[in-house]
Amino acid sequence: FWNAAACGERLLLDASDKSGYLAQMDKRYSLEPFIEDFARFDASRDLDVLEIGIGLGADHQRFAQAGARLTGIDLTDRAVEHTGRRFELFGLKSDLRVADAESLPFADASFDWVYSWGVLHHSPDTAHAIDEVWRVLRPGGVARIMIYHKHSLVGYMLWLRYALLAGKPWRNLGDIYANHLESPGTKAYTMEEARGLFRQFAEVRISTVLTHGDLLESGAGQRHQGWLLSLARRIWPRRLLRWALPGHGLFMLIEAVR
């Protein structure tokens with residue numbers, strides 16, 4: 001699935017020079033402005049930082065430009081090649097590798113920070129991948145990880161379309177996410193389940209954010225089409241949803257200290 005197009009690749013109009021990657025970066029942070037506060041790029045100078053799931057490398061570039069000692073992995077050659085091309089164009093350095101988050105090729109206590117945005121919920125064994133994050137962090141090191149939140153407006157919309165309106169109201173949200181959101185087997189978690197995943201960590205802080213997908217503000221990354229979605233986008237009560245359901249966003253932001 002991810003070899004067909006790296007995450008965010010559809011936002012990249014031109015991979016031949018810097019301007020294409022800069023435009024993709026601008027679009028990414030326009031759609032998801034909360035990334036910058038969460039990732040804390042500017043605070044990474046002189047730290048050993050691992051990013052799991054580099055995609056097109058926008059966040060990776062920000063860490064490199066901030067002065068982090070940087071390592072990046074992805075499951076696909078495609079993403080590593082894209083990020084490698086990006087870094088060559090901008091004159092940046094990182095140890096880029098194809099690797100599996102469930103079996104990180106690094107010694108215990110190798111990193112000060114581990115960062116992963118929207119990746120580990122795609123792993124077949126997310127719990128083991130997070131245990132690997134804990135293993136490679138130094139004592140006192142910080143993991144900043146985004147995974148999907150089960151009780152989200154995106155999940156409710158998908159359930160409405162692929163369960164209720166399909167005459168299959170017994171389908172649960174786990175089944176819906178696994179079959180209708182991004183790669184097959186994609187998972188989403190409650191806050192309680194997320195705390196269980198991060199049980200080994202000394203401190204865990206969790207919050208959720210309403211995304212452009214929850215608020216139907218953009219079609220980016222959206223593979224669902226049709227008249228019903230077009231109608232919903234016109235009448236969606238965004239102001240009301242921000243007020244009434246602020247805790248029902250798709251993105252769950254987790255900061256955990258080893």
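**Figure 1. Arg258 parks its charged end over the ring of Trp134.** In this predicted model, the charged end of Arg258 is 3.7 Å from the centre of that ring. A second arginine–tryptophan pairing belongs in this view too: Arg144 lies over the face of Trp113, with 4.4 Å to the ring centre.

**Figure 2. The whole protein, before we zoom in further, has 10 helices and 7 strands.** Its radius of gyration is 18 Å, close to the 18 Å that the globule rule gives for 258 residues, so the protein is as compact as a globular protein of that length. Along the principal axes, the C-alpha atoms fill a box of roughly 50 × 45 × 30 Å. Buried residues make up 52% of the 258. Take the contacts between residues at least 6 apart in sequence, and 73% of them join residues at least 24 apart. As for the outside, the accessible surface comes to about 12200 Å², and 54% of that belongs to carbon and sulfur atoms.

**Figure 3. The largest nonpolar core brings together 38 residues.** Look for Phe63, Trp117 and Phe251 here, since they are the residues with the most contacts inside this core. Helix α6 (residues 153-164) supplies the largest share of it, 5 residues. There's also a second, separate core, with 27 residues, including Leu104, Ala129, Ala143 and Leu197.

**Figure 4. Trp117 and Arg28 touch each other, and each has further partners.** Setting aside residues up to four places away in sequence, Trp117 touches Arg28, Glu32, Phe34, Ile35, Phe38, Asp59, Met146, Phe251 and Leu253. Arg28 itself sits in helix α1 (residues 18-31). It's an arginine, but Arg28 counts as buried because its relative accessibility is 18%, and the cut-off for buried is under 20%. Beyond its neighbours within four places in sequence, Arg28 is in contact with Ile35, Ala58, Asp59 and Trp117. Ile35 and Asp59 turn up in the contact lists of both Trp117 and Arg28.

**Figure 5. Phe34, Phe38, Trp117, Tyr148 and Phe251 are linked by ring pairs into a cluster.** The whole structure has 11 aromatic pairs. One of the pairs, Phe106 with Phe111, is edge-to-face, with 5.2 Å centre to centre and 90° between the planes. Both of these phenylalanines are buried. Back in the cluster, the ring centres of Tyr148 and Phe251 are 6.1 Å apart and their planes are at 10°, so this pair is stacked. Tyr148 comes from strand β5 (residues 137-148) and Phe251 from strand β7 (residues 251-257), so the pair ties together parts that are 103 residues apart in sequence. Tyr148 counts as buried at 6% relative accessibility, and Phe251 counts as buried at 6% as well.

**Figure 6. Ala99 is a buried residue in the loop between β3 (95-98) and β4 (111-117).** Its relative accessible area is 11%, which is why Ala99 counts as buried. Leaving out residues up to four places away in sequence, Ala99 touches Ile73, Asp74, Leu75 and Pro105. Ile52 is worth picking out in this view as well: the C-alpha atoms of Ala99 and Ile52 are separated by 9.0 Å, with the two residues 47 apart along the chain.

Conventions: Residues are numbered from 1 along each chain as its sequence is written. This is a predicted model: local features need pLDDT of at least 70, side-chain atom pairs count only at pLDDT 80 or more; totals for chains, interfaces and linings use all residues. Side-chain values use heavy atoms; hydrogens and water are left out. A nonpolar core is a set of buried Ala, Val, Leu, Ile, Met, Phe, Trp, Tyr and Cys residues joined through side-chain atoms within 4.5 Å. Buried means under 20% relative accessible area, exposed over 50%, partly exposed in between (1.4 Å probe, protein chains only). Helices (H or I, at least four residues) and strands (E, at least two) are DSSP runs, numbered from the N terminus. Contact means heavy atoms within 4.5 Å. Rings of Phe, Tyr and Trp (its six-membered ring) pair if their centres lie within 6.5 Å; planes under 30 degrees apart count as stacked, over 60 as edge-to-face and the rest as tilted. A charge sits over a ring if NZ of Lys or CZ of Arg is within 6 Å of the ring centre and within 35 degrees of the ring normal. The radius of gyration is taken over C-alpha atoms; the globule rule is 2.2 Å times the number of residues to the power 0.38. Accessible areas come from the Shrake-Rupley method with a 1.4 Å probe; for residues, only the protein chains shown count as cover.
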